[in-house]
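User: I would like to go through this structure by asking what lies behind each label. Please set every value against its cut-off.

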Amino acid sequence: MQNLATKFENLTIQSDFIFKKVMSRKRICIHLLEELLQIKIADINYLEAEKSLEPEFVSRGIRLDIIVADDKNTHYNLEMQVKNTKNPDTKNYVLPKRTRYYQALMDIDLLQKNQEYDLLPPTYIIFICVFDFFAKGNYVYTFKKRCLEDLELELPDEATTMILNTKGTHGSISKDIKSFYDYVNNHVINSDFTRQIDDEISYLKLDSKVRREFMLLEARLLDERREAKAEGKAEGKAEGLAEGKAKEKTATAKRLLSMGLSVEDIAKATSLSVEQVEAIKAEQA
């Protein structure tokens, strides 16, 4: 518990837990969106913080940090990304396909059964990354669908994906967004906006309910990781036993073959198939 308490005290805006809490304050979330998109927002509604989207068909569910809708019914999903994760099997970075999946599940959640497609509201998937995924130095990378044969022709599906690069060095962003980047990167407070964010985090850390919520969340996550590790060990042990038995059967089959027994008899004695014994015999030939 002492380690968790220390971890809680050291949390920054880069933490999903703190980011969600801070962006749950309307004045901060609205100002961030207004400064980023250079628009005016009268009000926002929180559809659900850290919402779990799981479609009815079998697929992978996701948990979203913050989903809000403004007074014009534009929907925003805000995510903090601190790791540029790779799939260990394919070695591919997961961020691009992750944004695609988030967009798809948001759309499914926003369109009710039997509603027309044109009722889908405008959406923004916004990933705040503490790394430069594209290595171009831009403060912001904004993506919309365009025609390859005519790049001025945009598909008006009203879906936008924005990858924010807090390590960026060039591009057009407001002073408050730049100060937000500095705060995310190095905890530098150089604007009224970042002062508000830092004050909010200080208040959160003094709140015993917030502390307890974090402790319970971390304990739950630790239990899940332990269970997954235990299951992995059990599966590995089972696989190891199965592999050992298979090797033992192969060795027995080889000995019986050297003794001149028939393939059929060896198959019966070892529980191997006739085809497997014939393959072993062919290897020995």
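User: What relative accessibility makes Lys144 count as partly exposed?

Analyst: Lys144 has a relative accessibility of 37%. Buried means under 20% relative accessible area and exposed means over 50%, with partly exposed in between (1.4 Å probe, protein chains only). The value for Lys144 lies in the middle class, so the residue counts as partly exposed. The model is predicted: local features need pLDDT of at least 70 and side-chain atom pairs count only at pLDDT 80 or more, while totals for chains, interfaces and linings use all residues. Residues are numbered from 1 along each chain as its sequence is written, and side-chain values use heavy atoms, with hydrogens and water left out.

User: Why is the pair Glu154 and Lys144 called a salt bridge?

Analyst: The term requires a side-chain nitrogen of Lys or Arg within 4 Å of a carboxyl oxygen of Asp or Glu. For Glu154 and Lys144 the closest N and O atoms are 4.0 Å apart, so the pair meets the limit. Both residues are in the loop between strand E7 (140-143) and strand E8 (159-165), ten residues apart. Glu154 is also partly exposed, at 32% relative accessibility.

User: Which residue does Asp157 pair with, and how do you know that it is a salt bridge?

Analyst: Asp157 pairs with Lys145, and their closest N and O atoms are 2.8 Å apart. This pair too is in the loop between E7 and E8, with the two positions twelve residues apart in sequence numbering. Asp157 has 31% relative accessibility and counts as partly exposed; Lys145, at 44%, is also partly exposed.

User: What makes the pair of Glu213 and Lys21 a link between parts far apart in sequence?

Analyst: Their side chains meet in a salt bridge at 2.7 Å, N to O. Glu213 lies in helix H7 (residues 208-258) and Lys21 in helix H2 (residues 16-23), so the bridge ties together parts that are 192 residues apart in sequence. Helices (H or I, at least four residues) and strands (E, at least two) are DSSP runs numbered from the N terminus.

User: Are Lys21 and Glu213 buried or exposed, and how do you know?

Analyst: Lys21 has a relative accessible area of 16% and is therefore buried. Glu213, at 32%, is partly exposed. Leaving out residues up to four places away in sequence, Lys21 touches Leu204 and Glu213, where contact means heavy atoms within 4.5 Å. The structure holds twelve salt bridges, and a network of them links Arg25, Arg27 and Glu200.

User: How do you know whether the length of helix H3 agrees with its number of residues?

Analyst: The expected span is 1.5 Å times one less than the number of residues. H3 (residues 26-37) has twelve residues and should therefore span 16 Å; its end C-alpha atoms are 16 Å apart, which agrees. Gln38, with a positive phi near 55°, follows H3.

User: What makes a set of residues a nonpolar core, and what does H3 give to the largest one?

Analyst: A nonpolar core is a set of buried Ala, Val, Leu, Ile, Met, Phe, Trp, Tyr and Cys residues joined through side-chain atoms within 4.5 Å. The largest core has 53 residues, and Ile13, Val22, Met23, Ile126, Phe180 and Ile197 touch the most other members. H3 gives the most to this core, with seven residues. A second, separate core has nine residues, including Ala253 and Val263. Buried residues of H3 include Ile28, Cys29, Ile30 and Leu33.

User: What describes the packing of H3 against helix H6?

Analyst: H3 and H6 (residues 192-206) pack at about 145°, with their axes 11 Å apart. The axes are lines fitted to C-alpha atoms, for helices over the stretch in contact, and angles run from 0 to 180 degrees between N-to-C directions. Arg27, Ile28, His31 and Leu32 in H3 meet Phe193, Gln196, Ile197 and Glu200 in H6.

User: Why is Ala135 called exposed?

Analyst: Ala135 has 63% relative accessibility, so it falls in the exposed class. Ala135 is in the loop between strand E6 (123-129) and E7, and its phi is positive, about 55°, although it is not a glycine.

User: How do you know whether Ser271 is buried or exposed?

Analyst: Ser271 has a relative accessible area of 57% and is therefore exposed. Its place is the loop between helix H8 (263-270) and helix H9 (274-284).
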